[in-house]
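Biologist: Please take a close look at the nonpolar core of this protein and at what surrounds it. I would like one connected account, not a list.

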Amino acid sequence: MTKLLSAAAGCLLSLAAASHASTTTLDFEEFAAGDDLEGLDLGGVTITSPAVGVTVFDGSSSAGSNSGARSIASRDIVSDVIFTFDNAVSFVELFGGDGPATSDADTWTFDVYDAQVGGNLLGTLTSSPLVSGHSSLSFSIAGILRAEASSTTRVSYDDLTFTTVSQVPVPAAALLFAPAAALFARRRRRSA
Ligand SMILES: [Ca+2]
Ligand SMILES: [Ca+2]
């Protein structure tokens with residue numbers, strides 16, 4: 001019986017240490033051009049542009065898109081767009097750029113931080129100049145809680161992908177284990 005108990009405990013403890021990675025991509029296709037996304041939690045991430053707000057653009061306009069017919073940007077298309085994650089992510093990728101009818105060469109910068117507000121800069125990347133279309137920048141770094149996209153030219157952003165790694169909390173496993181342990185203890189007392 002004791003061996004059985006330790007086996008059960010070992011199984012639960014290994015469950016407690018297990019991690020589960022889930023990857024989400026937001027392509028913004030479910031929105032209509034002009035939709036206000038400022039401050040909305042889109043399922044694990046909240047998007048903001050503090051001065052002007054974030055909106056959905058028609059991908060067939062000069063804003064362009066990487067996927068489908070929709071992209072996002074700040075309302076003035078030049079202000080920073082901030083992605084705040086509910087939980088730390090270990091991977092984040094974003095596409096930035098504009099439509100095929102434009103002639104300016106766009107570069108954009110992607111910064112990642114270890115806190116939802118303030119914190120330390122974990123990494124920064126700047127795209128190569130691109131006249132039309134979107135280019136991706138990505139990070140594989142543990143503990144990203146915020147990403148910021150910026151450009152000095154008019155660009156839109158599309159196809160945000162992020163991976164959240166969640167740990168099964170030990171207290172939850174302990175709660176599962178506690179009633180079983182009490183039951184075993186009671187049975188042992190009765191049989192003794
Ligand atoms: Ca899209
Ligand atoms: Ca351009």
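Modeller: What follows goes from the chain as a whole to the core, then to one strand and two backbone angles. The model is a predicted one, and every value below is computed from it.

The protein chain holds two helices and 10 strands. Read from the N terminus, the order is α-β-β-β-β-β-β-β-β-β-β-α. Of its 192 residues, 25% are buried. Of the contacts between residues at least 6 apart in sequence, 72% join residues at least 24 apart.

Now the core itself. The largest nonpolar core consists of 30 residues, and Ile72, Val92 and Leu94 have the most contacts inside it. At least two residues of this core come from each of S2, S3 (54-58), S4 (70-74), S5, S6 (108-113), S8 (133-139), S9 (144-151) and S10 (156-167). The most is given by S5, which contributes seven residues.

Val92 can be followed further through its contacts. Apart from neighbours within four places in sequence, Val92 is in contact with Val112, Ser138, Phe139, Ile144, Ala147 and Phe162.

Strand S2, one of the contributors to the core, spans residues 45-48 and has two unlike faces: Val45 and Ile47 are on the covered face, while Thr46 and Thr48 are on the uncovered one. S2 runs antiparallel to S5 (residues 81-98), and four bridges join the two strands. One end of this pairing can be located by residue, since Thr48 has Ile82 as its bridge partner in S5.Two backbone angles deserve a separate look. Phe28 is not a glycine, yet its phi is positive, at about 65°. Phe28 sits in the loop between strand S1 (19-26) and S2. Phe28 counts as buried because it has 25 C-beta neighbours inside 10 Å, where the cut-off for a buried residue is 20 or more.

The other case is Asp159, also a residue other than glycine, with a positive phi near 50°. Asp159 lies in strand S10, a strand that supplies at least two residues of the core. With 20 C-beta neighbours inside 10 Å, Asp159 counts as buried.

To return to the request: the core has 30 residues, S5 gives the most to it, and S2 is joined to S5 by four bridges.

Conventions: Residues are numbered from 1 along each chain as its sequence is written. Chains are lettered from A and ligands numbered from 1 in the order in which they are written. This is a predicted model: local features need pLDDT of at least 70, side-chain atom pairs count only at pLDDT 80 or more; totals for chains, interfaces and linings use all residues. A residue is buried if 20 or more other C-beta atoms lie within 10 Å of its own, exposed if 12 or fewer, and partly exposed in between; C-beta atoms are placed from the backbone. Two strands pair if DSSP finds at least two bridges between them. A nonpolar core is a set of buried Ala, Val, Leu, Ile, Met, Phe, Trp, Tyr and Cys residues joined through C-beta atoms within 7 Å. Two residues are in contact if their C-beta atoms, placed from the backbone, lie within 7 Å.
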